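Here are my notes on the model, set out as numbered points for you to check against the coordinates.

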Amino acid sequence: MATQIWSSTIAISATLRREGEAAWFAIHIKARHEKKVDTTLRSKRLETFLPLVTKIQRWSDRKQKVEFPLFPCYSFVRLHPSAENLLAVLRTPGVVRIIGTATDPLPVPEKQIEDIRRLLKMEVPYWEHPFLTTGRRVRIRGGCLDGVEGILTEMRSNKTLVISADPIQRSIAISAEEYTLEPA
């Protein structure tokens, strides 16, 4: 197992060295280990992004606000292209793998990370949506979400903007009725 991780890491590291810049990567994490992995990676001085949403959890005797991962079993880490950083992530308890092909991790576009952060910061109502690969790509113009990009869907004259994290194939959607849209 360690030999497989190491040989994959060497191949990944060689590919990343050509690019030379730090990039965001999605990591697959064991169920219900997201917050612990995030804390551990931060303690290793790695930049992470674990999108969290607050929901009201109901028990028989009480209600409480609890933070849950927006994308269960996934988080994001910004890595500089080095074997040490890749090994630091892969050897973190709870990390299953870095999302990518057999030899190369797939970087998450910086724009997608920014759009998800902005959406959560503005507390815009959203819902989970199936991942889309086809549709008209648009950008919001004006308002608190100016510049956020996604795929426009329309059902019975209701406009919905689907915002995705491509490598993990997870999406969330917002109502785009009040926003001015332009082709991206």
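1. In this predicted model, helix α3, which spans residues 83-90, is largely enclosed by the rest of the structure, because seven of its eight residues are buried. Those buried residues are Ala83, Asn85, Leu86, Leu87, Ala88, Val89 and Leu90, where buried stands for a relative accessible area under 20%.

2. Turning to the strands, β3 (residues 52-58) and β4 (residues 63-69) run antiparallel to each other and are paired over seven bridges. The connection from β3 to β4 is a hairpin of four residues, and within the pairing Leu52 is placed opposite Pro69 of β4.

3. Leu52 also deserves attention in a second setting, since together with Val53, Thr54, Leu120 and Glu123 it is among the residues that lie nearest the centre of the second largest pocket. That pocket has a volume of about 220 Å³, and its lining is made up of 13 residues.

4. Which elements each supply at least two residues of the lining of this second largest pocket? They are β3 and α4, the latter covering residues 110-121, and it is α4 that gives the largest share, with four residues.

5. As for the chemical character of the lining of the second largest pocket, its residues divide into nine nonpolar, three charged and one polar. When inspecting the model, one could therefore begin at Leu52, given that this residue both stands opposite Pro69 in β4 and lies among those nearest the pocket centre.

Technical notes
Residues numbered from 1 in each chain as written. Predicted model: local features only at pLDDT ≥ 70, side-chain atom pairs only at ≥ 80, totals over all residues. Heavy atoms only, no water. Pairing = 2+ DSSP bridges. 1 Å grid on protein atoms, 1.4 Å probe; cavity = no way out; pocket = protein on both sides within 12 Å on 5 of 7 lines; lining within 4 Å. Points joined across faces, edges and corners; volume = space filled by probe spheres on them. Nonpolar A, V, L, I, M, F, W, Y, C, P; charged D, E, K, R; others polar. Buried < 20%, exposed > 50% of the residue type's maximum accessible area, 1.4 Å probe, protein only.
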